Amino acid sequence: MDAHELMLAAAAGAVSLAISAVLWAFAQRKAADRRVADLQARIRQLETGAETAQASAEAFDSALLAVEDGQALLASGEESLGICCQALGLSETDPQYLLNALMRADPDHARRLRGLFERGEACAFEVKGPAGVVTVEGRAAGALAWLRVSAVLGEDQGLPTAPRFAAFLNTRAYPAWIAAADGSPVWVNAAWLKAVDAGSLDEAAQRGVAFDRGADAIASEAANMGQRREALRWLSFGGRRRAFLIAAQPLEGGGVGVWTDDLTELEEAREDTKRNVEAHDETLNRLDDAVVIFDGAKRLKYNNTAFAELWGLEPAWLTERPTHGEILDRLRQRRRLPETADYAKWKAAELGRYERLESEPDDLWSLPDGRTLRVVRQPHPLGGLLLLFADITGELKLKAQYNALIQVQQATLDKLSDAVAVFGSDGRLRLHNESFERFWNLTPLQIEAAGDFEGMVELCVPKLHDLAFWKELKGRVADPDPAARMPITGEAQTSDDRVIEYRTRPLPDGATLIAFTDVTDARRLESALADREQALTEAERLKRDFVGNVSYELRTPLTTIIGYSELLEHSGDALPERARGYAASVKTAATQLARSIDDVLDMAQIDADEMALDLGPVNVAELMLETASRWKPQAEAAKVSIMLTPPDGVGEIRGDRRRLAQILDHLMENAIGQTPAGGTVTLAARKALGEVQLQVSDTGRGIPFHVQAHIFDRFIGRERGGPGLGLALVKALTELHGGWVALESEPGAGAAFTCHLPEEAQAVSQPELGFAR
């Protein structure tokens with residue numbers, strides 16, 4: 001390529017380069033214009049944002065300070081800065097002055113601000129100045145530290161900030177939270193989180209747990225209605241069932257504040273009170289006394305069944321809760337109140353008792369129907385008045401009877417010769433008689449002044465010095481041990497040479513009766529009687545010995561006489577008839593004397609309680625037959641007939657055959673001796689309830705009435721000879737068999753002796769009868 005072409009090519013390249021450069025420059029210009037426009041729009045946006053931030057800061061009464069290297073600059077809120085300086089009492093409105101004042105206010109505040117400036121630690125606190133409170137919030141952004149300060153002056157300076165108030169709510173032991181309009185929590189305190197076992201509200205929301213769905217419903221209802229709502233809910237809290245008062249209050253600016261209070265103790269106390277009141281009412285309803293309670297408005301609040309029955313009031317009318325005055329008016333209409341001349345004044349006085357706070361003395365009402373009521377009034381603890389009506393008509397009657405009984409008792413004791421005193425379990429003298437005063441030579445005034453046992457001892461010690469004796473008596477009076485209160489009896493010697501007998505007796509009411517008796521004369525008489533008894537005993541011994549010796553001495557010659565008389569009687573023609581008659585008379589007399597001696601010995605044995613029965617089965621029919629055969633010769637000699645009544649069905653009895661025969665022998669002897677010639681003696685036996693009756697009757701001259709009472713005494717009936725012991729021995733032997741003897745007789749119409757003997761006789765100890773003196 002030649003030079004020209006090279007030049008053309010170079011020119012064309014230069015032109016192309018120039019065009020390209022122009023086009024690039026034009027493109028760059030357009031890009032620069034767009035960038036400039038963007039920057040201008042950004043500047044305008046930032047200016048608008050700054051103005052908005054400034055306006056917002058100014059609107060919320062807060063100042064924003066930027067702090068770098070300890071130097072503070074005002075970012076916004078110049079007016080708020082002045083208010084903060086005014087609150088802290090600073091003379092100049094300067095950010096640096098304010099920062100220095102905040103550092104000097106409290107060491108803790110200085111520490112927090114240094115942590116913000118040096119380490120970027122956020123802080124929040126309040127500083128109280130002379131004119132108000134300054135709230136400080138610090139945050140770090142890059143190399144700058146930002147402080148937002150606001151001041152509260154006047155009455156609002158004591159209001160806490162939201163963080164402080166939240167911290168305050170977190171100290172509560174029971175849940176508190178802020179709920180949205182639907183009832184869901186938007187802020188909760190620490191107690192709420194602890195109750196649902198969650199670390200945060202977000203965690204609780206994710207798990208779908210809540211403190212109480214019912215509480216959420218209450219919060220929603222309060223938000224929708226714009227009114228406070230409360231409800232008592234029983235919930236599980238802290239491992240036990242507790243009662244919470246849920247209070248939901250709509251807040252300004254939206255949301256609902258929910259507050260809980262634990263009323264478990266209050267509710268339990270209320271339930272206990274309710275149960276106690278019900279139990280109290282039930283108890284009052286079981287009382288016989290009428291009880292009525294009026295409230296503070298003087299209207300019927302409660303009455304038991306006895307109240308309606310006492311006054312005859314209709315239960316349906318009482319359920320309408322009439323006033324006290326209305327009840328009094330109805331009772332007056334029915335003449336069931338005490339008669340009074342001025343009812344209006346009396347009623348006003350009754351209703352005026354509501355104004356008195358102290359209890360009043362009991363009152364007595366005498367009703368027209370004769371009843372007497374005791375009226376008790378007292379203020380009710382819950383307000384109003386409580387009245388109790390007790391029908392004491394029977395009590396007054398019993399009291400009168402009791403007083404009369406006491407008077408009779410006192411009069412009875414006064415008539416006793418024994419000195420009697422009654423001491424209560426407390427040692428007080430309750431009762432004594434006039435003999436007690438005379439016995440110890442005391443006056444009524446002295447006894448009244450003494451009062452108790454110790455006082456009585458001081459009065460009686462001069463008469464009876466033995467302190468051990470009084471100590472023992474005191475134990476009987478005051479010791480509650482039953483063993484110590486056992487009755488005792490004893491004797492003591494007084495200083496005036498009297499012998500006294502004392503006795504203690506516990507009474508059912510816990511009191512103790514002590515009786516004193518002067519037995520001096522009795523003891524002297526007893527001593528004399530003892531000497532006489534000893535002499536009589538010795539005489540009785542001598543009598544028994546004499547009877548025994550005489551009987552023995554008499555039996556020997558009598559045996560000889562009887563033997564020789566029998567020998568002479570049977571000697572035949574060797575003796576003349578008249579001599580044989582004499583021998584027979586001698587034999588009869590000797591035999592009679594021997595029987596009399598036997599009777600005396602038997603009676604002596606009975607008197608000495610030395611006779612023993614030889615008990616065994618005895619055939620009654622055989623016994624009667626033998627007796628009749630044995631006495632037949634004597635009856636024929638006396639021209640008396642013996643009639644034997646067959647003892648059908650009598651059979652056997654248990655007894656001493658020899659003694660039973662002896663009983664019948666004496667009865668037969670008495671009957672034959674009392675029956676004139678031509679008369680009849682009847683021997684009979686019959687069986688009765690558990691006994692056999694042996695009877696000997698005659699048709700003789702009978703027994704005079706004045707003799708019948710003593711017919712079984714000893715030495716009666718001697719006109720027939722002998723010592724007169726036959727009927728007395730009959731009675732004694734019958735009683736030894738456990739039976740008894742009966743007599744039926746009229747003068748001139750004969751006599752009948754009946755021995756009532758048990759079928760199964762038992763040997764009975766015979767008391768000493770003794771000889772008649």
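Arg335 is found in the loop between helices H12 and H13 of this predicted model. At 53% relative accessibility, Arg335 counts as exposed, because exposed means over 50%. The phi angle of Arg335 is near 55 degrees. That is a positive value in a residue other than glycine.

A second arginine was examined in the loop between H11 and H12. This residue, Arg321, also has a phi near 55 degrees, again positive in a residue that is not glycine. Its relative accessibility is 37%, so Arg321 counts as partly exposed. Thr323 is placed in the loop between helix H11 (315-318) and helix H12 (324-333) as well. Thr323 is buried, with a relative accessible area of 18%. That value falls in the buried class because buried means under 20%. Not counting residues up to four places away in sequence, Thr323 touches Phe294, Lys298 and Arg299.

The packing of H12 was considered next. Two packed helices are described by the angle between their axes and the distance between the axes. H12 packs with helix H13, residues 343-351, at an angle of about 145 degrees. The two axes are 11 Å apart. The crossing of H12 past H13 is right-handed. On the H12 side, the contact is made by His324, Gly325, Leu328, Asp329 and Arg332. On the H13 side, Tyr343, Trp346, Lys347, Glu350 and Leu351 take part. Four of the contact residues are nonpolar, two are polar and four are charged.

Asn304 lies in another loop, between strand E12 (300-303) and helix H10 (305-311). At 1% relative accessibility, Asn304 counts as buried. Leaving aside neighbours within four places in sequence, Asn304 is in contact with Leu284, Asn285, Leu287, Asp289, Ala290 and Val291. Asn304 and Val291 are 13 residues apart along the chain, and their C-alpha atoms are separated by 5.8 Å.

An annotated span was then compared with the model. For "coiled-coil region", an unreviewed UniProt entry lists residues 29-56 and 263-290. In the model, the span 263-290 is 79% helix and 4% strand. The C-alpha atoms at its ends lie 37 Å apart.

The nonpolar cores come next. In soluble globular proteins, nonpolar side chains tend to be buried together. The largest nonpolar core holds 43 residues. Within this core, Val620, Leu667, Leu694, Val696, Phe753 and Cys755 touch the most other members. Helices H20 (577-607), H21 (620-637), H22 (657-674) and H24 (726-736) each supply at least two residues of this core. Strands E24 (680-688), E25 (691-698) and E27 (751-758) each do so too. H22 gives the most to this core, with eight residues.

Phe753 has contacts with Leu667, Asn670, Leu694, Gln695, Val696, Ile703, Ile711, Phe712, Leu727, Ala742 and Leu743, leaving aside its neighbours within four places in sequence. Apart from the largest core lies another core, of 27 residues. Leu313, Ile327, Leu331 and Tyr343 are among its members. Tyr343 also takes part in the contact between H12 and H13.

Finally, the whole chain was surveyed. The chain has 24 helices and 27 strands. Of its 773 residues, 37% are buried. Among contacts with a separation of 6 or more, 49% join residues 24 or more positions apart.

Terms used:
Residues are numbered from 1 along each chain as its sequence is written. This is a predicted model: local features need pLDDT of at least 70, side-chain atom pairs count only at pLDDT 80 or more; totals for chains, interfaces and linings use all residues. Side-chain values use heavy atoms; hydrogens and water are left out. UniProt positions are given in the numbering used here, feature names are shortened, and annotations may be inferred rather than shown by experiment. Buried means under 20% relative accessible area, exposed over 50%, partly exposed in between (1.4 Å probe, protein chains only). Contact means heavy atoms within 4.5 Å. Axes are lines fitted to C-alpha atoms, for helices over the stretch in contact, and angles run from 0 to 180 degrees between N-to-C directions. A crossing is left-handed if the near helix is turned anticlockwise from the far one by less than a right angle, and right-handed if clockwise. Ala, Val, Leu, Ile, Met, Phe, Trp, Tyr, Cys and Pro count as nonpolar, Asp, Glu, Lys and Arg as charged, and the others, Gly among them, as polar. A nonpolar core is a set of buried Ala, Val, Leu, Ile, Met, Phe, Trp, Tyr and Cys residues joined through side-chain atoms within 4.5 Å.
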